[in-house]
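Hi,

Here is the model I said I would pass on. Have a look at it first, and my notes follow below.

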Number of protein chains: 2
Amino acid sequence: MRDRAIPEATVGRLPIYLRALIEMAENGAATISSGDLAEAAGVNSAKVRKDLSYLGSYGTRGVGYDVAYLIHQVRRELGLTQDWPVLIAGAGNLGHALSNYKGFSERGFRIVALVDNAEEKVGERVGEIAVEHIDRLPEIVRREDVAIGVICTPAGAAQEVADRMVAGGIRSILNFAPAVISVPEHVSVRKVDLSIELQILAYYEQRKAVLAAVKGGRAALDLAPVP
Amino acid sequence: MRDRAIPEATVGRLPIYLRALIEMAENGAATISSGDLAEAAGVNSAKVRKDLSYLGSYGTRGVGYDVAYLIHQVRRELGLTQDWPVLIAGAGNLGHALSNYKGFSERGFRIVALVDNAEEKVGERVGEIAVEHIDRLPEIVRREDVAIGVICTPAGAAQEVADRMVAGGIRSILNFAPAVISVPEHVSVRKVDLSIELQILAYYEQRKAVLAAVKGGRAALDLAPVP
DNA sequence: GTACCTTTGTGCACCGATTCACAATCGCGC
DNA sequence: GCGCGATTGTGAATCGGTGCACAAAGGTAC
């Protein structure tokens with residue numbers, strides 16, 4: 001288990017473990033068992049152990065994992081030992097909120113620029129930084145060595161902004177616009193669609209209502225006629 | 001294929017198809033093939049067909065799917081034929097941004113209340129609504145028949161807010177706080193963690209750098225010593 | 001009415017991820 | 001230094017999801 005390439009699903013959970021571990025450390029815990037970490041992360045313990053085993057054998061049988069050491073290893077694996085300069089495109093509601101979001105800076109993501117295509121927004125101050133025009137994107141990317149871009153524009157502008165980010169040299173994109181964007185092979189994209197999450201909840205909510213109706217009697221006829 | 005229970009992965013894609021279909025409809029398309037829909041949604045066509053087959057056989061061989069009819073069916077399946085009143089807890093940056101977010105109302109999610117525990121925020125106007133105190137949550141939920149709650153508080157407050165939501169009668173929660181929350185069996189939870197997404201991008205970004213270094217020569221020694 | 005073209009719906013093989021279950025291993029107390 | 005209780009690390013079974021590939025079926029042109 002000592003080569004590279006961690007399963008995608010595991011990569012998605014490492015940040016959760018990391019958060020839990022940091023909390024443990026703050027509470028003064030020196031070691032933690034897979035069971036306790038699993039509880040804190042909301043998964044089962046076998047998964048925790050298998051996930052952590054991809055990083056190496058850092059646990060001690062009969063004892064658990066050294067919290068501080070494990071934090072270090074997870075950070076290293078995730079690439080969080082360095083600072084990541086981030087550029088946000090779109091100075092609307094969401095762009096503003098993300099620019100001010102403490103959770104980013106706390107984890108080593110430094111918002112170095114907020115760009116927009118609207119002239120009237122340029123110069124507006126948002127927290128520490130001022131909105132710049134999107135035309136200056138390539139220059140900013142070069143100056144600050146930005147690798148990660150965040151798209152907070154309306155859906156219609158998303159693809160064009162993505163293209164400009166890629167042309168400017170950005171290699172990873174987090175897309176909040178409700179649109180599918182396409183990028184070259186070498187660029188990573190992740191998307192967060194706020195309304196999709198609500199739609200998924202609506203589906204299960206509706207399902208609960210339907211099931212309750214069925215269980216309640218009459219409507220069961222629709223599915224399985226009583227003999 | 002005519003019983004209930006759609007695979008989770010499919011449920012997650014239906015909103016994407018829906019968005020693409022609505023765009024098609026606006027562009028005047030009457031029918032669409034699985035191939036075209038796949039392209040618009042960024043998946044492959046077999047997946048589209050299989051996903052849609054869970055809703056029923058709504059396509060016509062040799063032709064494709066009727067756009068308007070398919071929109072109706074997807075909406076019905078997702079439970080979007082009705083309006084969903086939504087309550088947001090936490091009037092910080094993110095709470096404000098989400099309250100104003102057009103994407104919610106466009107899809108039938110009506111923000112009926114924004115609550116916070118800070119007295120000084122109560123009364124503050126955000127778009128159409130005014131911030132109310134979280135103590136009034138149960139009353140609001142009853143009055144507006146709220147089923148869905150959104151948590152936009154700091155991590156420390158998330159569990160307590162979730163508990164209050166559940167106690168107040170909310171049955172689905174979308175959690176933006178970077179914390180794992182636990183709720184009773186009958187409550188659905190989905191979480192969106194903004195900084196986790198960036199951490200995942202950081203991982204792949206770092207990996208690309210490592211791989212490039214390896215390919216570039218020297219560093220390959222770390223992994224596979226040249227004989 | 002028939003032949004051809006297109007596109008759906010789905011059986012099947014495959015793949016990654018999850019979970020179980022247990023041997024291997026550690027620390028500790030005596 | 002030995003035995004016991006705790007906990008890891010991982011094979012193996014299983015599960016859900018993906019994608020290929022093709023038969024079934026509708027539309028169209030002549």
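Let me start on the DNA side: α3(B) gives the largest share of the surface near DNA strand C, with five residues. Keep in mind as you read that this is a predicted model.

**DNA strand C**

There are 28 residues around DNA strand C, and those that come nearest are A:P7, A:R61, A:G62, B:G59 and B:G62. Both chains take part: α1 (8-26) and α3 (45-53) of chain A, plus α2 (34-41), α3 (45-53) and β3 (64-66) of chain B, each put at least two residues into this surface. By class, the surface near DNA strand C splits into 10 nonpolar, 11 polar and seven charged residues.

**DNA strand D**

Now swap the chain letters. Around DNA strand D there are 28 residues, with A:G59, A:R61, A:G62, B:P7 and B:G62 coming nearest. Here α2, α3 and β3 (64-66) come from chain A, while α1 (8-26) and α3 come from chain B, each with at least two residues in the surface near DNA strand D. The largest share is again five residues, this time from α3(A). The class split for DNA strand D reads 10 nonpolar, 11 polar and seven charged.

**How the two chains relate**

What does it take to lay chain A on chain B? A rotation of 180 degrees, with 0.0 Å of shift along the axis, does it at an RMSD of 0.1 Å. That makes it the relation of a two-fold axis. If you want to find the axis in your viewer, look for A:A97: its C-alpha is the one in chain A nearest the axis, at 3.2 Å.

A:A97 also turns up among the buried residues of α5(A), together with A:L94, A:G95, A:H96, A:L98 and A:S99. That helix is mostly covered, with six of its eight residues buried.

**The contact between the chains**

Chain A brings 46 residues to the contact and chain B brings 46 residues. On the chain A side, the elements that supply at least two residues each are α1, α2 (34-41), α5 (93-100), α6 (102-106), β9 (172-175), β10 (188-191) and α9 (194-215). Of these, α9(A) gives the most, with 14 residues. The side of chain A that touches chain B is made up of 27 nonpolar, 12 polar and seven charged residues. As for why one can say that the copies meet through the same surface: 98% of the interface residues of chain A are also interface residues in chain B.

**Back to α3(B)**

Which residues of this helix are buried? They are B:V48, B:D51 and B:L52. Looking down the axis of α3(B), the buried residues sit within an arc of 95 degrees, so they line one face of the helix. What they pack against is α1, α2, β2 (59-60) and β3 of chain B.

**Sheets in chain A**

A three-stranded open sheet in chain A has the order β1-β3-β2, with antiparallel pairing. Its edges are β1 (31-32) and β2 (59-60), each with a single partner strand, so one side of each has no neighbour in the sheet. Between β2(A) and β3(A) there are two bridges, and the two run antiparallel. A:G59, which came up above among the residues nearest DNA strand D, stands opposite A:Y65 in β3(A).

Then there is β5 (residues 109-116) of chain A, a mostly covered strand with six of its eight residues buried. β4 (residues 84-89) of chain A is joined to β5(A) by six bridges and runs parallel to it; there, A:W84 has A:F109 as its bridge partner. β5(A) also pairs with β7 (residues 129-133) of chain A, in the parallel sense, over three bridges, and in that case A:L114 is partnered by A:V131 in β7(A).

**One exposed loop residue**

Last item: B:Q82, which sits in the loop between α4 (67-78) and β4 (84-89) of chain B. Is B:Q82 buried or exposed? B:Q82 has 12 C-beta neighbours inside 10 Å, so it counts as exposed. From B:Q82 to B:L94 it is 12 residues in sequence and 26 Å in space, C-alpha to C-alpha.

Cheers

Notes. Residues are numbered from 1 along each chain as its sequence is written. Chains are lettered from A and ligands numbered from 1 in the order in which they are written. This is a predicted model: local features need pLDDT of at least 70, side-chain atom pairs count only at pLDDT 80 or more; totals for chains, interfaces and linings use all residues. A residue is near a molecule or strand if its C-beta atom, placed from the backbone, lies within 6 Å of it. Helices (H or I, at least four residues) and strands (E, at least two) are DSSP runs, numbered from the N terminus. Ala, Val, Leu, Ile, Met, Phe, Trp, Tyr, Cys and Pro count as nonpolar, Asp, Glu, Lys and Arg as charged, and the others, Gly among them, as polar. Two residues are in contact if their C-beta atoms, placed from the backbone, lie within 7 Å. A residue is buried if 20 or more other C-beta atoms lie within 10 Å of its own, exposed if 12 or fewer, and partly exposed in between; C-beta atoms are placed from the backbone. Two strands pair if DSSP finds at least two bridges between them. Copies are superposed by least squares on the C-alpha atoms of residues with pLDDT of at least 70 in both. The arc is that of the directions from the helix axis to the C-beta atoms.
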